[in-house]
Amino acid sequence: MVSASVAGRLVRSALVWIVLVGLAVVVLYPLIWMFLNGFKTNTELFDKPFALPSRFGWENFVAAWQQGVGKFVLTSVSLTVLATFFTEAIGAWAAYGLTRVRIPLNRTFTVVVLAGLMLAPTVALVPLVKMFQGWGLYNTFLGLLILYTAFRVPFTVFLMRAYMMDLPLEVDEAAAIDGASRAAAFWRITLPMSKPIIITTIVLNVLTNWNEYLFAMVFTSGTGLQTLPVGLADLMSKNGTQYPLVFAGMTMAAVPMVILFFVCQRYFVRGLAGGVGK
Amino acid sequence: MTTAPASIRPAVARDVKPVRNRQPVHSRERWRNIVWLIPALAVLAVFVYWPLLQNIVFSFLKWNIYSGEQTFVGGANYAELATDPIFGKALLNNAWYALISIVVQVFGALALAAIVESVRSERMRKAFRSIYFIPSAISLTVAGLLFYFIYQPQSGMLDAFLTSMGLGQYAQAWLGHESTAIFAIIAMSQWQGFGYSVLLFSVALQRIPVELYEASAIDGVGPIRRFFSISMPLVREMTGLMMIVTISGAFQVFNEVMVMTSGGPNNSSQVLGTWLYHAGFLNNDFGYAAAIGVAIFVITLILAILQLWMSRSRRVEW
């Protein structure tokens with residue numbers, strides 16, 4: 001009896017490892033393939049898709065960078081950084097207002113801000129194009145910046161509000177007794193205490209902005225303003241014969257976000273758990 | 001008094017006011033506090049809610065963007081929706097997207113999270129969770145382009161793999177056939193997104209008190225029954241949330257379809273988002289595009305209401 005249950009446990013544990021490791025291979029193999037393809041020549045890519053590149057030179061990466069990826073990266077970085085900054089500022093102010101400040105119709109405003117969570121950007125696409133054409137924001141960096149900022153506000157407030165609700169009120173009261181103004185309490189007490197959720201939302205907003213495609217494609221068509229995702233898709237349709245170049249570009253687009261995730265992982269998981277699980 | 005678990009502690013900030021606000025504050029001063037919300041309310045009103053309302057109005061117009069001509073046509077765009085076979089096809093494709101994503105990214109991810117959490121070594125658990133999450137960090141565009149190559153008939157990895165396994169007869173142009181294109185895209189999307197769900201479910205599972213597992217172990221309950229009778233009921237709230245988020249996401253798909261097939265071949269992989277884009281920006285039919293937008297809005301609205309209703313009535317406490 002004992003040996004049967006031991007054998008059963010061994011089989012089970014072997015199955016567990018086969019599933020876990022097998023999936024890890026399914027996830028990692030295509031990514032490694034993508035990275036290696038950036039070093040191949042076109043012939044190598046087509047004739048021996050599984051083989052290692054014959055040599056590791058960075059020519060494809062350099063060529064991809066010069067053929068536009070450098071410019072796309074610049075656009076994507078500035079857009080991501082600025083939009084994330086504005087979303088964080090607007091979101092933190094609103095979350096503070098909704099949780100710490102007495103405001104009339106507080107509940108109504110909460111619903112108004114959070115209801116934005118469920119709206120798909122596609123639903124607003126046609127009127128936004130029309131509006132931005134009228135305001136001269138179509139095909140501009142500013143236009144894209146506004147869209148990226150606005151559409152991330154509900155999710156950011158959602159997570160920050162859940163976090164700030166759990167912060168002890170005593171510190172606010174102590175600050176008030178010490179004569180600190182509301183603004184000072186926000187900047188010097190609540191904001192520093194919210195560091196984990198701020199990091200979480202920054203990571204999520206950076207990921208979303210860096211990877212955004214719909215707005216970038218519709219609002220910057222055929223200009224020098226393409227972001228990395230749109231630029232890469234263009235690069236492929238234009239450079240249909242130079243696949244290794246496209247792979248090099250894809251690797252350059254993916255690596256920064258993977259690094260960001262691993263660096264911020266600890267905070268990210270905790271903050272996400274606190275907000276979404278509530 | 002001992003500290004209560006977080007779930008049964010009263011929500012602090014919503015009801016209890018800070019000390020200095022206990023005296024009735026002059027209402028004008030309270031209205032002045034609205035400055036905290038003004039930036040958020042302003043950007044949402046102008047760039048999210050106003051376009052949404054306009055979209056509903058637009059859906060009753062026939063409108064050419066280049067000539068600027070607008071005519072009120074009543075429900076004509078909606079009548080067109082009802083008879084448009086590609087709209088029906090798109091709806092069906094979104095439904096497939098939702099169904100497969102629920103199986104893989106909700107129930108599959110939950111089971112997988114339970115398996116990951118059953119591993120003894122904390123470091124291995126963390127390693128698996130992180131590896132599975134990597135595709136979620138890279139963009140759908142990059143993932144879509146990558147799988148575009150993987151699905152290629154000659155140089156692609158998938159067909160080469162099938163051939164090397166002696167399954168060459170199944171090798172085909174996965175994105176080039178009407179019957180397989182949408183499913184090839186959906187498969188890519190599962191690869192890209194399941195790690196995110198595993199991460200969330202892992203966190204939810206970690207919050208289940210260890211005592212419950214210990215008690216069940218003493219009672220001689222095996223791991224599979226433990227999963228169904230302890231883990232699953234106790235993460236029910238997260239499961240419900242994930243289902244709604246997943247279905248809602250499945251009806252908003254755009255990016256990967258656009259990158260991999262643009263809805264082709266012969267509109268077979270069209271989804272609501274790409275069909276809206278097609279109608280508005282390739283056929284210049286803004287009114288019809290707006291009507292598709294309203295359809296997406298109604299579907300996501302119903303799902304959001306469902307989510308609110310579920311989170312209120314199915315709160316699990318322990």
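**Two chains, term by term**

Mentor: Helix H6 and helix H9 of chain A cross in a right-handed way. The model is predicted, so local features need pLDDT of at least 70 and side-chain atom pairs count only at pLDDT 80 or more, while totals for chains, interfaces and linings use all residues. Residues are numbered from 1 along each chain as its sequence is written, chains are lettered from A and ligands numbered from 1 in the order in which they are written.

Trainee: What makes a crossing such as that of H6(A) and H9(A) right-handed?

Mentor: The near helix is turned clockwise from the far one by less than a right angle; anticlockwise would be left-handed. The crossing of H6(A) and H9(A) is of the right-handed kind.

Trainee: Why is H6(A) called roughly antiparallel to H9(A)?

Mentor: The axes of H6 (residues 141-165) and H9 (residues 195-211) of chain A come within 10 Å and cross at roughly 155 degrees. Axes are lines fitted to C-alpha atoms, for helices over the stretch in contact, and angles run from 0 to 180 degrees between N-to-C directions. Under 35 degrees counts as roughly parallel, over 145 as roughly antiparallel, 65 to 115 as roughly perpendicular, and the rest as oblique. The crossing at roughly 155 degrees therefore makes this pair roughly antiparallel.

Trainee: Which residues of H6(A) and H9(A) meet?

Mentor: From H6(A) come Tyr148(A), Arg152(A), Thr156(A), Leu159(A), Met160(A) and Tyr163(A), and from H9(A) come Ile197(A), Thr200(A), Thr201(A), Asn205(A), Thr208(A) and Asn209(A). Contact here means C-beta atoms, placed from the backbone, within 7 Å. By class there are five nonpolar, six polar and one charged residues. Ala, Val, Leu, Ile, Met, Phe, Trp, Tyr, Cys and Pro count as nonpolar, Asp, Glu, Lys and Arg as charged, and the others, Gly among them, as polar.

Trainee: Why are H5(B) and H9(B) called oblique to each other?

Mentor: The axes of H5 (residues 85-117) and H9 (residues 181-206) of chain B come within 7 Å and cross at roughly 40 degrees. That angle falls in none of the named ranges, and the two helices are therefore oblique. Their crossing is right-handed. The contact of H5(B) with H9(B) holds 17 nonpolar, nine polar and one charged residues.

Trainee: What counts as a helix or a strand, and how many has chain B?

Mentor: Helices (H or I, at least four residues) and strands (E, at least two) are DSSP runs, numbered from the N terminus. Chain B has 15 helices and two strands. Among its contacts between residues at least 6 apart in sequence, 71% join residues at least 24 apart.

Trainee: Why is Leu105(A) called exposed?

Mentor: A residue is buried with 20 or more other C-beta atoms within 10 Å of its own, exposed with 12 or fewer, and partly exposed in between. Leu105(A) has 12, and is therefore exposed. Leu105(A) sits in the loop between H3 (59-100) and H4 (106-115) of chain A, with a positive phi near 60 degrees.

Trainee: Why does Ser262(B) count as partly exposed?

Mentor: Ser262(B) has 15 C-beta neighbours inside 10 Å, a count between the two limits, and is therefore partly exposed. Its place is the loop between H13 (255-260) and H14 (272-282) of chain B. Ser262(B) also has a positive phi, about 55 degrees, although it is not a glycine. Most residues other than glycine have a negative phi.

Trainee: What makes Phe109(A) partly exposed?

Mentor: The count for Phe109(A), a residue of helix H4 of chain A, is 19 other C-beta atoms within 10 Å, which means partly exposed. Leaving out residues up to four places away in sequence, Phe109(A) touches Leu98(A), Ile103(A), Leu37(B) and Leu41(B).

Trainee: Why is Gln54(B) partly exposed?

Mentor: Gln54(B) has 17 other C-beta atoms within 10 Å, and therefore belongs to the middle class. Gln54(B) is in helix H3 (residues 38-58) of chain B. Of the 318 residues of chain B, 41% count as buried.

Trainee: How many residues does each chain give to the contact between chain A and chain B?

Mentor: Chain A gives 80 residues and chain B gives 75 residues. On the side of chain A, helix H12 (residues 243-276) gives the most, with 13 residues. That side has 66 nonpolar, nine polar and five charged residues.

How values were computed. Two residues are in contact if their C-beta atoms, placed from the backbone, lie within 7 Å.
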